[in-house]
Amino acid sequence: YGYYAFWFLLGMVLALPHILIGLPIGCVLVFIFSKVPYAFTRAYHKQRIARFGMQMVDALTLMANGLRSGLNISQVIDLVSQEMPNPISQEFKLILSETQLGTSIEEAFSHMSKRIPTEDVEMLGTAINILRETGGNLAETFDTIVHTIRERIKIKNKISALVTQGIVQGAIIMMLPFGLAIMLYMVDPAQVEPMITTPLGLVMVGAMIFLQILGGLAIWKIIDVKQYYISVGGDEA
């Protein structure tokens, strides 16, 4: 509460000697500085998760090749931490640090799946945990995960293109009546003026805007598939 009190008192001080003006200013400052930092942090976290997901294909390919060349799982993790850029390099270095402090590789990958909450990371951690307990070919498993991630990326890109196309089409359809009205007004103002100068015309304009909003909401619901397939980290899903 001290953080919020600071910004509220700062708003009061800035408005002195007008206390009544300082009350809303203080409330606005509290609202801004309680929401904006969280929004920036959340956006940066989503961006980091997205970069990590794009790097997983190269990292898993590198790990699979390293395992085929005779390296063990700890060595290929170290290889990724040295060869790959951030943020995946940072995450794998953190896994190595945890294992050096006594944490098992299974637990370290489980911790990473909590920091990077995506299906791909969870699938990687689950595969490593199962194969280290039951035995199996990690290199082939990594190849399978890489194939799955690539196919998922293709599907996401296709859905993203379709969603963007739907948004553009919806925007054009919604702006078309307004553009047509402007063109008609430029050609023959006398024919259009009753729409904005008479009660009946205003009612018709209001009904048109209301129907446009309903149409826009309907279009958005149709293309809302992105909420389930494109959201980073699965927050919206």
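This briefing covers the salt bridges, a cis peptide bond and a nonpolar surface patch. The structure is a predicted model. Its salt bridges come to seven in number, and some that share partners join Arg48, Glu91, Glu98 and Arg115 into one network. Elsewhere, a cis peptide bond joins Asn86 and Pro87, and eight named side chains, among them Met175 and Leu217, make a nonpolar patch on the surface.

**Salt bridges around Arg115**

- Glu91 and Arg115 form a salt bridge in which the closest N and O atoms are 2.8 Å apart; this pair links distant parts of the chain, since Glu91 belongs to helix H4 and Arg115 to helix H5 (residues 105-115), with their positions 24 residues apart in the numbering.
- Glu98 also forms a salt bridge with Arg115, here with the closest N and O atoms 3.6 Å apart, and because Glu98 lies in helix H4 and Arg115 in helix H5, the pair ties together parts that are 17 residues apart in sequence.
- Glu91 counts as buried because its relative accessibility is 5%, where buried means under 20%, and Glu98 is likewise buried, with a relative accessible area of 14%.
- Arg115, at 24% relative accessibility, counts as partly exposed.

**The salt bridge between helices H6 and H7**

- Arg152 forms a salt bridge with Asp120, the closest N and O atoms lying 2.1 Å apart, and this pair again links distant parts of the chain, with Arg152 in helix H7 and Asp120 in helix H6 (residues 119-134), 32 residues apart.
- Asp120 is buried, with a relative accessible area of 9%, whereas Arg152 counts as partly exposed at 22% relative accessibility.

**The cis peptide bond**

- Most peptide bonds are trans.
- The bond that joins Asn86 and Pro87, however, is cis, with an omega of about 10°, and Pro87 itself lies in the loop between helix H3 (73-83) and helix H4 (88-100).

**The nonpolar surface patch**

- Met175, Phe178, Ile209, Phe210, Leu211, Ile213, Leu214 and Leu217 together make a nonpolar surface patch of about 780 Å², and the elements that give two or more residues to this patch are helix H7 (138-187) and helix H10 (199-222).
- Helix H10 gives the most to the nonpolar patch, contributing six residues.
- Phe178, whose place is in helix H7, is partly exposed, with a relative accessible area of 33%, so Phe178 passes the cut-off of over 30% that is set for patch residues.

How values were computed:
Residues numbered from 1 in each chain as written. Predicted model: local features only at pLDDT ≥ 70, side-chain atom pairs only at ≥ 80, totals over all residues. Heavy atoms only, no water. Patch = residues over 30% accessible without salt bridge, like charges linked within 9 Å, V, L, I, M, F, W, Y side chains within 5 Å. Areas by Shrake-Rupley, 256 points an atom, 1.4 Å probe, with all protein chains shown as cover. Salt bridge = Lys/Arg side-chain N within 4 Å of Asp/Glu carboxyl O. Helix = DSSP H or I, 4+ residues; strand = E, 2+ residues; numbered from the N terminus. Buried < 20%, exposed > 50% of the residue type's maximum accessible area, 1.4 Å probe, protein only.
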